[in-house]
Amino acid sequence: MKGNGDIRIGFYICHCGTNIAGLIDVARIAEYAGTLPGVVVARDYKYMCSDPGQDLLREDIAAYHLMRIVVASCSPLLHEQTFRRAAEKGGINPYFVQMVNIREHGTWVHDDAEYMTGKAMDMVRAAVLRVYAHQPLERKQVPITPDVLIVGGGIAGIHAALTMADAGKHVYLVEREPTIGGHMAQFDKTFPTLDCAACILTPKMTAVKAHPNITLWTWSEVEKVDGFIGNFTVTVKRKARYVDEDLCVGCMECIEACIYKQGKFPDEFNMGLSKRKPIFIPFPQAVPPVPVIDPGQCLHLKKGTCKDTCVEICADRKAINFEQEPEYKEIEVGAIILATGFTPFDATRIPYYGYGKYPNVYTALELERLVNASGPTGGEVRLPDGRTPERVAIVHCVGSRDEHYNRWCSRVCCMYSMKLAHLVKEKTHAEIFNFYIDMRAPGKSMEEFYNRISSEGIHLVRGRVADVYPETLEKKTNGQIGRVIVQAEDTLIGRIRKIPVDMLILSTGLQPRIDAEEIRRMFNISCSAGGFFLERHPKLAPVNTFTDGIFLAGTCQGPKDIPDTVAQAGAAASEALALIDRGVFELEPNTAYIMEDDCSGCKSCIPLCPYTAIAFKEEKQKAEINEALCKGCGTCVASCPSGSIRQHLFEDEEIYREIRGLLAYA
Amino acid sequence: MNETIETTQTAQPWRPRIVAFFCNWCTYTAADLAGVSRMKYAPNTRIIRVMCSGRIDPQFVLEALSEGADGVLIGGCHPGDCHYAEGNYKALRRFHLLRRMLIGMGIDEKRFRLEWISASEGDKVKTVINDMVEQLQQLGPLDIPARRKAWDVELEEAKAQVPRYEEFEEAAHV
Amino acid sequence: MLAGEEVIEQMWGVSLDRLYDSDEGQRILSCIQCGTCAGACPYGEHMLYPPRRIITMLKAGLIEDVFDSDSLFKCVNCYTCMTKCPRNIRLTEILLPLVKEQSAVRLEEMPAELQKAIENTYRYGNTYGESARKRAAWIETIEVPIRILAKDPAPVDILWFVECDLSYHPRGQAAARATALLFHLLGLDFAILGPEERCAGDCGRLSWEPGLAETLVDYNLSIFDKYTFNRIVTNDPHALDAFKFRYPMFAFKHKTTATVPELYAHLDRLKPMLTKKLDYLVTYHDSCCLGRHNGFYDEPRALLEAIPGVRLVEMDHNRENSICCGGGGGGMWLDTWYKQQGIERLSDRRLREVIATRANVLAVACPYEVSRFEDAVKLAGYEDRIIVRDITELLVEAIGGH
């Protein structure tokens, strides 16, 4: 291996407080780096990413005429851009920087200090050798299409859409259900303020519909996503609604006129607690206020035999169209915000809570509908047999914090359980028992809310419910039919409590949507261990994904309450705005290129490229790479038999130097 | 080899060294996640970042082994999850061919491993590396550089048997 | 709650001072004190130290106090706490046996019935105190030819490990005869150890006598070594547990299954034989070891449903949420002791659920259960309304002509 000749290299190792220096001997590593060929200055510093740290780089570049920089610190995925910018400000090409990841891949995962110090030296050596071969590169810019796609019309999607639209950008808001509103539309009141969800949500929903910059497509799904940051091509399927949105005036007379005089099918919006007709609107304030026909239930669509009373009443408005076919729209957008939300945990998965088995066991979302004035009972909390419950138990953490189901804390259940306790108590004067493991009330006004509700005289039992069974099975009491015993250890008094209740409410946690995996693939982003979409950095890039131009908002990224969802939606919107307003995006210059003289014209690279960036030029009998299409995976580079395809930033020579440097055989 | 570069681990007893090629989007990120989650695992791996497992030239693997690695680990996105659509399939094909070749060369197949590790599977980085280190510990050093020295001696001896060897060599360099 | 091999290995040789050395042991530290274990425990309300408090005491360095209590004498090894634990702490496998052992050492006087059972097992290799020579006496009561390996040591496919209850207890023998007949009709190649067989030792271990358990393991392993066979089938889910989770620690490598899944594997051939219609409303009681610990929930139900005329109803607690009959963990020999303490027997509690289903047959798959539930039925005065049958007995009844 050649020495580094006359290339002058600066080496910096970061203490990262004690994150790195707490384990390994940074001074010794710096000293060692100083002995490596080409290294003219080697320093250790407390925080390289800080302003003084970056200043140090710039000053050294001038003072020592540095031509290359190696920084041993954290992951390049975190701070590579930081140090490239610093190098650029110092007057050298930004791609003359190489990072050594001794934190995430070093001190955070190993605890043998001596060995790790040696390993860090290996890594430093590799980087010093590699950086020598770095080539100056130009940043490449691509223009950004100014329109944006937002997937999901819950509160996150709505807020992001309004923010972007108000800033003058054109927004396509795509929602799978017949209306926007999401889960928030189903809630009765919201904690900690106890204001009514509909009162604060529906004005925003109408604003979406009225906004000139928003194209709202409900009953629609994204089918296909192509392209990349600034230039996505998205295909949206508009499912057949059988009611023409442009012609419908929202009078709802068709629903009234339907041949089914009564609701016959479980009403999804009311969690199946009421029945609806085949032609329906999820709830009165739905946006758009256009009914939808379920083709599996409508007599005309299913059997072709119906008096078509809906068509008759619609008369010359002619909004009902049984011939409607799904429509496919292709749009060009520069950025995408995913706001696809969550699914509540399926309570039937925990057999010992009796959901689906005992009729008086409810999920929290069902209760939201039951206490809601526009819900199936007009806001009266009644049991299936018509009685008003006298004793009610609320079980926290259903499906959450559990290795068998979801490991995470769902974050909102403690507070919504307290809210439900308040609402049910207010409406029924029932005795309420909240069974909790730990009461979690972080966030503004939450502890005060907890304090307020607990002072209302509910029983707080610290213990996870372990069993639910009919009271009739209990020997000691005269079991009342229809009541269930809730059995748990009250850990604060150290006794097993068996509390008979009329109604049991399961505070089910939040989990990723069933099809999150498919969505993830379609948009080419990653998921966290639990299946929520993965943000680029948990703290510093919480709404970005690893795919540039795609942002996250709301509970698709992880459980959160409404204030946090809205805050995140705003953040996602402003990130997208910042991108669009810049007008161009800088691509990592890691594209492949061909050394034409060496190319034998064998064409083996051409079918390998997933982006059809390689073409064969007949006149020259050589392959040619369109760098605008190349995404820089390097697959063609590795497969070229004559070695004539190379990749910027990942040149063979650079990688060989890294390998040799790492191993520098003893 | 450049004499000016000193090795850093002479004093230590032998511990297997693995060169790992991780793709930027899944496995490298997973290794970062393992770090952020402070999972402790065997420190014997040296990771080289590439954009895609499809970038990994079989020559890289051979180079690593010949420079003294006791094993090579390739990490890529799960099938169907490749950031570049299908680079990992290319890696898989190359892996199988190369593995066959390495086995033919007398290198134990446990020394060369391909794993699909997604960005969220920090724990898999830990288990895979621990497992591989344990296997390599049992296999002992591969130590091709030392063998190369022995081969050099053999070559020197062979030269002596070739009349006018220097002339051939010069001719070959022209 | 099925344990993979890597988990099983971690249960071996764990002692209290090395509790956190294994990953599974370390899980104890992740306890969030939610009390699910205590709340789920069928006797939790009678324990001063249910599992949750044992963990607190352990962490506080006060575990000695727990050893001095009789709390774990009420542990029936039903695996409920372990199955429901949201932290997946393997209480019944790792922590509780260790504490039990210590409690037994401190106990001034072992409850007499249990003491007797342990002594019997030491002396005779069975809890009944019957002569080992009579272990195969039951085969005289059936016309099916049954090979005893000591007399005919040729290699065999199935070593049928009959266990004590099926060998000696009159109701157990009925299940033994039924099983033998079913194996015979299915043309299975099987043989028994006869007088050479001794208790598998699971009850011994769980009743706080690890020394006894190890003696039995050593003995049985030496007998297994004498013969060539492909696998072991046993009617006793506790023996299945012993072979699957305890014996491998002593280099035992034989495949083992229980009679129920074995019969289920031949269901397509068995079904045509079930010609007699049984007009029964059946409820099935899940055995803890067969169900919760080994995951056989569907197999026993499929066998019952294969019987013409049988209608299956479920109790409120079923499958992984089933309630123990109270016989495990030594509970079989603690009924008197429970009575003295004023604690309701679990079999009596369970019977209330049976009654609630209005079933006229209670089907079981563990030899403890027949006698326990028949006793409970008598006590409740339901003898004319509910009969208790082992699944094998019901199958034989449906075959007709036998």
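## A buried asparagine in chain C

Leaving aside its neighbours within four places in sequence, C:Asn220 touches C:Phe161, C:Glu197, C:Arg198, C:Cys199, C:Ala200 and C:Tyr247. This is a good spot to start a tour of the structure, which is a predicted model. C:Asn220 sits in helix α12 of chain C, a helix that covers residues 210-224.

Is C:Asn220 buried or exposed? With a relative accessibility of 0%, C:Asn220 counts as buried. One of its contact partners, C:Cys199, also offers a backbone oxygen, and the side chain of C:Asn220 reaches that oxygen at 3.1 Å.

## A valine on a short strand

Let us move to another part of chain C. C:Val313 belongs to strand β7, which runs over residues 311-313. Here the relative accessible area is 24%, so C:Val313 is classed as partly exposed.

Which residues does C:Val313 contact, once neighbours within four places in sequence are set aside? They are C:Leu281, C:Val282, C:Thr283 and C:Tyr284, together with C:Thr357 and C:Ala359. To get a sense of distance within the chain, take C:Ser167, which is 146 residues away from C:Val313 along the chain. The C-alpha atoms of C:Val313 and C:Ser167 are separated by 31 Å.

## Helix α20 of chain C

Helix α20 of chain C spans residues 367-380, a run of 14 residues. At 1.5 Å a residue, this helix should span 20 Å, and its end C-alpha atoms are 21 Å apart, so the two values agree.

Which residues of α20(C) are buried? The list begins with an unbroken run: C:Pro367, C:Tyr368, C:Glu369, C:Val370, C:Ser371, C:Arg372 and C:Phe373 are buried. C:Ala376 and C:Val377 are buried too. Just after the helix comes C:Gly381, whose phi is positive, near 75°.

## Chain A as a whole

Now for a wider view. Chain A has 666 residues, and 59% of them count as buried. Its secondary structure comes to 17 helices and 34 strands. Along the principal axes, the C-alpha atoms of chain A fill a box of roughly 90 × 70 × 40 Å.

How do the contacts of chain A relate to its sequence? Taking contacts between residues at least 6 apart in sequence, 70% join residues at least 24 apart.

## Where chain A meets chain C

Chain A brings 27 residues to its contact with chain C, and chain C brings 32 residues. About 2,400 Å² is buried between these two chains, with carbon and sulfur atoms giving 48% of that area. On the chain A side, A:His404, A:Leu473 and A:Glu489 lose the most area to chain C, and together they account for 23% of what that side buries.

A:Glu489 also takes part in a salt bridge with C:Arg52, in which the closest N and O atoms are 2.6 Å apart. In total, two salt bridges are found across the interface of chain A and chain C. There are also 17 residue pairs in polar contact between these chains, with both residues at pLDDT 80 or more. On the chain A side, β24 (465-470), β25 (484-490) and β26 (495-501) each supply at least two residues. Of the elements, β24(A) gives the most, with four residues. By class, the side of chain A that touches chain C has 10 nonpolar, five polar and 12 charged residues.

## Where chain B meets chain A

How many residues does the contact take from chain B and from chain A? It takes 68 residues from chain B and 64 residues from chain A. Between them, the two chains bury about 5,700 Å², and 58% of this lies on carbon and sulfur atoms.

Seven salt bridges are counted between chain B and chain A. One of the pairs that form a salt bridge is B:Arg49 and A:Glu80, whose closest N and O atoms are 3.3 Å apart. The count of residue pairs in polar contact between the chains is 23, both residues being at pLDDT 80 or more. On the chain B side, the elements that give two or more residues are β1 (18-23), α1 (27-36), β2 (45-50), α2 (58-66), α3 (87-104) and α5 (144-161). α1(B) gives the most, with seven residues. Sorted by class, the side of chain B that touches chain A holds 31 nonpolar, 19 polar and 18 charged residues.

Definitions and conventions
Residues are numbered from 1 along each chain as its sequence is written. Chains are lettered from A and ligands numbered from 1 in the order in which they are written. Side-chain values use heavy atoms; hydrogens and water are left out. Contact means heavy atoms within 4.5 Å. Buried area is the accessible area (1.4 Å probe) that two parts lose on being put together, summed over both. A salt bridge is a side-chain nitrogen of Lys or Arg within 4 Å of a carboxyl oxygen of Asp or Glu. A polar contact is a pair of N or O atoms within 3.5 Å; within protein, one must be able to donate a hydrogen and the other to accept it, and residues adjacent in sequence count only if both atoms are side-chain atoms. Ala, Val, Leu, Ile, Met, Phe, Trp, Tyr, Cys and Pro count as nonpolar, Asp, Glu, Lys and Arg as charged, and the others, Gly among them, as polar. Buried means under 20% relative accessible area, exposed over 50%, partly exposed in between (1.4 Å probe, protein chains only). The expected span of a helix is 1.5 Å times one less than its number of residues.
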